[in-house]
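Visitor: I've got the model open and I'd like a close look at one spot before I wander off into the rest. Could you start there and then walk me outwards?

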Amino acid sequence: MADRSAALRIGTSAVRESLRPSGTTGRVPTSGAGPAGLVGRSAELARLDAVLGGLGREGGPSVVDLCGEAGIGKSRLLSEVCARARRGGLTVLRGRATEDERQSPFQLFADAFADVDLAVLEGDPLLAQAAPVVHGDHRVPDPGSGAGAPRRFVLYRAVAALLARLGANGLVVALDDLHWADAASLELVDHLVRHPVRGPVLLAVARRGRQTPAALAAALMRGVDSGSVLSLPLAPLAEREAIQVLAPDLPPARARQLYAASEGNPLYLVSLLHAHRSGALSGDVGALGEVGISGGPGSPLLAELTALSAAQRRIVEAVTVLGEHATSAMLGLVTGPFSCADELDDQIADLAERDLLRARSADRWSLRHPLLRTLVYENIPAGRRVDIHRRTADELTRLGACAAERAHHVERALTGWNAASADVLTEAAARFSHTAPATAAHYLEAVLRFLPDAPEHAGRRGELTLARARALGVGGRLRESRDLLHTLIAGSEADGPSGLRAQAIAQCAVMERHLGHCPEATALLRRELAGSPGPQPGQAVSLGLALGMSAVLTVTFPEVRADLERTLATARSHGDRTGEAAVLALAALGEAYEGNTELAGRLATAAAQITDATTDPHLTELCESLVWLAWAEGLLERYADAERHADRGLEIARRSGQLYVLPHLLMSRAFVHLNTCRLPTALEAIEEAESLTRAIGSGDLLALTLSLKTLILLLAGPLGDPGALATAREAVATSGRSTNWWASLAWCMLGHTLYVSGDPHRAQEAILNAGGGEDLHRLQPSTRPAQLETLVHTALATGHLDQARHWVARAAQEADRVGLRGQLAAVLRARAALAEHEGDTTAAAQLLQQAARQYAQCGATLWEAYSLLRAAPLVKAAGDGPRAAVLWHRGHRIAVGGGARLLADLAEMTRPQVDGPPVPDDLAHLTARELEIADLVAEGLSNQAIATRLYLSRRTVETHLSTIYRKASVSSRAALASLMTRTGRADPREPVFGHQAPWQSVIPDDRSEEQRQKERRSSEHERR
């Protein structure tokens, strides 16, 4: 008994120590923690400090009750109280109850008094009177027996008097794990709660609420009501503080996952962090039952099982194995037989009282936390685990459960080839392929592991291997999928059953592309498409899409236009609407990259019409088409549509477990939020994308992610923050010697960051390197004007005026071809920089205001703000102070509201020293939102464009306009725009240029001239 009690004490100490972050030798680092370095307990410590500081004062609490679940940090907080009391010169007695010593009277107090040097009390009669408590006398009658009550209460008064004597200069009696205390100790605590010790004596107890005897809980509650007890229930740790202190080294998304799995319990969180850092928990946190974490900080939790009977241990093990199927009936089947009908219920009730089991529903049980379940599962003998799984699978089969419900137990019971079990696992894998691909891959691996290596099973092995490779790829394990597919392709024939080879090649090309091996993917696809006989129609669409995307990434899209046209025709001729939408979306993306804006717009519109009319289940197979569509719409400055399709893709990808698609969709969301000046959410999206990309292991994809993150960090951080430059350099280093457009983008972002950092020479060198020389042939036409604008600035900064003029002319030529407002605005800004350098401040100011209007009309509010803030000081220098103030205030409002810290800092540096014009009486009664809408009307935006810009419904905009007309006493949009212009709040709208592109045979522009004129008249009517 003594040995086991000692083990329990050691285990509890280990639990306390485990709450310290890895690498610390005492307290938790104080950064982000409470005043004593405890994570998330600053409020509790403040109250405890107040109690210690006021100890012995009239009206103060004499008992502190720390209550919470296992692992929540009660013992750690109690230790901190004791440490602070000792530092304050108080005497501290510390005792801990153990479950195995519940039959030893006063064991808890005897443990506490062991800290006292009894020599100082030699000859004191109180010591003799209190001896049964001080020494744990087994001859004292049990309170439950009712015998010797007067004698006990005399004893309790003597103990109280002894504590008062010991506490003449201040005393803290700390009693840990009170829920396990013996009956005599519990009655003494009850007495001390009802009759507090006189003088500066504090009784501090720590307990689990669910396991506390009802009588003691009632006594403590009465003490709370009377003011003698301070109740401090310990809540879960706050997410932000817990992650900041315990997991600063983890990617934020992963840290949040582990925190959520821990439910804010510090012991569980530290255990999960240990499993993650040791490599035992690298996948889904929800699958705790399948990871190995024995020997970690959570191991002491197993000490609770040592006091269980054999029958109770079997029940706990059965609940652990059964999982969702842990009903009383199933427990009786796998743990029986029992001596009587009620024995199982009695044992379950006892385990629930111990808070080992918790009821999930009326007749379904679970362990109190998944971490405890994992620890128990790993310590069940292997043979018994297999037997419980087998018996459960047999019973579920008898009850008619589906394959997906039986699969877990069937797989865990599998020890050799079994055709019936293989069928169950294969059927379940098919069911999980879109919702839980990692689970599907796991079940298929189990079947393949035991499938006999015989000719009659060759066909089935190939089909299962392809299915597993697809599941691995969807789940983000790209290299494993690619390697498996290489093996399958090498051993398959072109005319094999069901076109297995063609399917494997299409899937392999997707994996190669996501791993950054586009040339390999293209060569593989070309060879298969050129083969004889050619692929079947469905496979031809898959192969054509894979070829097209590889070409987009390698800047060779024009070479595959004809292939994509054939692929589109094949999809249409066989009624493959999902395939048709995917081809259109990919073609839109390719043409947008190439600068063929009008054609790309029509392709994107056609793709969106089909996509929007297609249900999510049909899009799941080609979820990547939403990536292409969202990016195409983003490049075409259709930000609302891009965000809508990216968000839909994210929902489908998360639901179906398609991890390799998520980074692309998250980057699309980040791109939209960046341009529409929502920097905090843009950063959140790009950081999640980065975390997933690093897990996938694609260098090229990581370079793209870091490139976009560079720009977001540059704009979201303060002026001079080094984070963006460090990220840009990592992006370039990650891209290596690659020459695809992702690598080019990395060099471009490095160039932008270097220029902002004050290094124009290296900035110019980086951008020219990205473009492959001064002709910038490696850059897509759609991105050249923006890069040329930066080159203009670098040329002016280095004193090369002629070169700057050359870049301006080149940018104008490229932007005119593309015809997008954002690119035209980039040229206007470049021309403004040149004009300012040449001393024409008025022209520069006008050009920047024109650029701001272009950005406003396409919804790129971030760059609108940038242009306004650059324009404001030039307008002021040109002599129009009030106008400069209006521009500055609008730019500043956008920057601050959108979290663009860099622009906000720029605004403070360039703020015109002139207050804005007073709001005229006609506009004085407009709200901030109404003024914003009035500004946009004056800029020429339609109701729908305003709704898109402000993320409102069109009906809401119309309602606001009606109110504005009434308050401003105007009757039309034209009158409102005129009023806004007269007050200096807006300028007339600028015209927009366009450009025509090819692909007429595939998506013809079949509008008649009459229809075009009608649309123009309708647009003009709405503006009026």
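Which residues does Ser366 touch, not counting residues up to four places away in sequence?

Guide: Happy to. Keep in mind throughout that this is a predicted model. Leaving out residues up to four places away in sequence, Ser366 touches Val319, Leu356, Leu357, Arg358 and Arg360. Ser366 itself sits in strand β7, which covers residues 364-367. Its relative accessibility is 17%, and because the cut-off for buried is under 20%, Ser366 counts as buried.

Now zoom out for a moment. The protein has 49 helices and seven strands. Of its 1024 residues, 56% are buried. If you take the contacts with a separation of 6 or more, 69% of them are between residues 24 or more positions apart.

From there, let's move to the sheet. Five strands form an open sheet, and if you step across it you meet them in the order β2-β3-β4-β1-β5, with parallel pairing. The edge strands are β2 (91-96) and β5 (229-233), each of which pairs on one side only. On average, neighbouring strands here are turned by 15° against each other, ignoring direction.

Strand β4 (residues 201-207) is a good place to linger. Seven of its seven residues are buried, so to speak of β4 as mostly covered is fair. Look at its two faces: one side carries Val201, Leu203, Val205 and Arg207, the other carries Leu202, Ala204 and Ala206, and every residue on both sides is buried. Notice that an arginine, Arg207, is on that list of buried residues.

What flanks β4? On one hand there is β3 (residues 171-176), which runs parallel to β4 and is joined to it by five bridges. To see the register, find Val172, whose bridge partner in β4 is Leu202. Then find Val173, which stands opposite Leu203 in β4. The connection between these two strands is worth tracing as well: β3, helix α8 (residues 183-194) and β4 make up a right-handed β-α-β unit.

On the other hand there is β1 (residues 63-67), again parallel to β4 and again joined to it by five bridges. Here the residue to click on is Asp65, which stands opposite Val205 in β4. Five of the five residues of β1 are buried, so β1 is largely enclosed by the rest of the structure. Val63, Asp65 and Cys67 point one way from the strand, Val64 and Leu66 point the other way, and all of them are buried. Carry on outwards and β1 is joined to β5 by five bridges, with those two strands running parallel too. One of the pairs to look for is Cys67 with its bridge partner in β5, Pro233.

Next come the helices lying across this sheet. Helix α2 (residues 42-53) lies across β1, β3, β4 and β5, running at about 165° to β5. Helix α9 (residues 214-226) lies across β1, β4 and β5, and its angle to β5 is about 115°.

Two more stops further along the chain. The first is Ala471, in helix α21 (residues 458-474). With 4% relative accessibility, Ala471 counts as buried. Setting aside residues up to four places away in sequence, Ala471 touches Pro437, Ala440 and Ala441. It's also worth measuring up to Gln658 on your screen: the C-alpha atoms of Ala471 and Gln658 are separated by 8.8 Å, though the two residues are 187 residues apart along the chain.

The last stop is Glu594, in the loop between α27 (577-593) and α28 (597-612). Glu594 is buried but has no salt bridge. The nearest side chain of opposite charge belongs to Arg817, at 5.2 Å; a salt bridge here would need a nitrogen within 4 Å of a carboxyl oxygen. Arg817 is still one of the residues that Glu594 touches, along with Phe557, Pro558, Arg561, Gln780 and Pro781, again not counting residues up to four places away in sequence.

Note on methods. Residues numbered from 1 in each chain as written. Predicted model: local features only at pLDDT ≥ 70, side-chain atom pairs only at ≥ 80, totals over all residues. Heavy atoms only, no water. Helix = DSSP H or I, 4+ residues; strand = E, 2+ residues; numbered from the N terminus. Buried < 20%, exposed > 50% of the residue type's maximum accessible area, 1.4 Å probe, protein only. Lys, Arg positive; Asp, Glu negative; His and termini not counted. Contact = heavy atoms within 4.5 Å. Pairing = 2+ DSSP bridges. Right-handed = clockwise from strand over helix to strand, strands pointing away. Axes fitted to C-alpha atoms, helices over the stretch in contact; angles between N-to-C directions.
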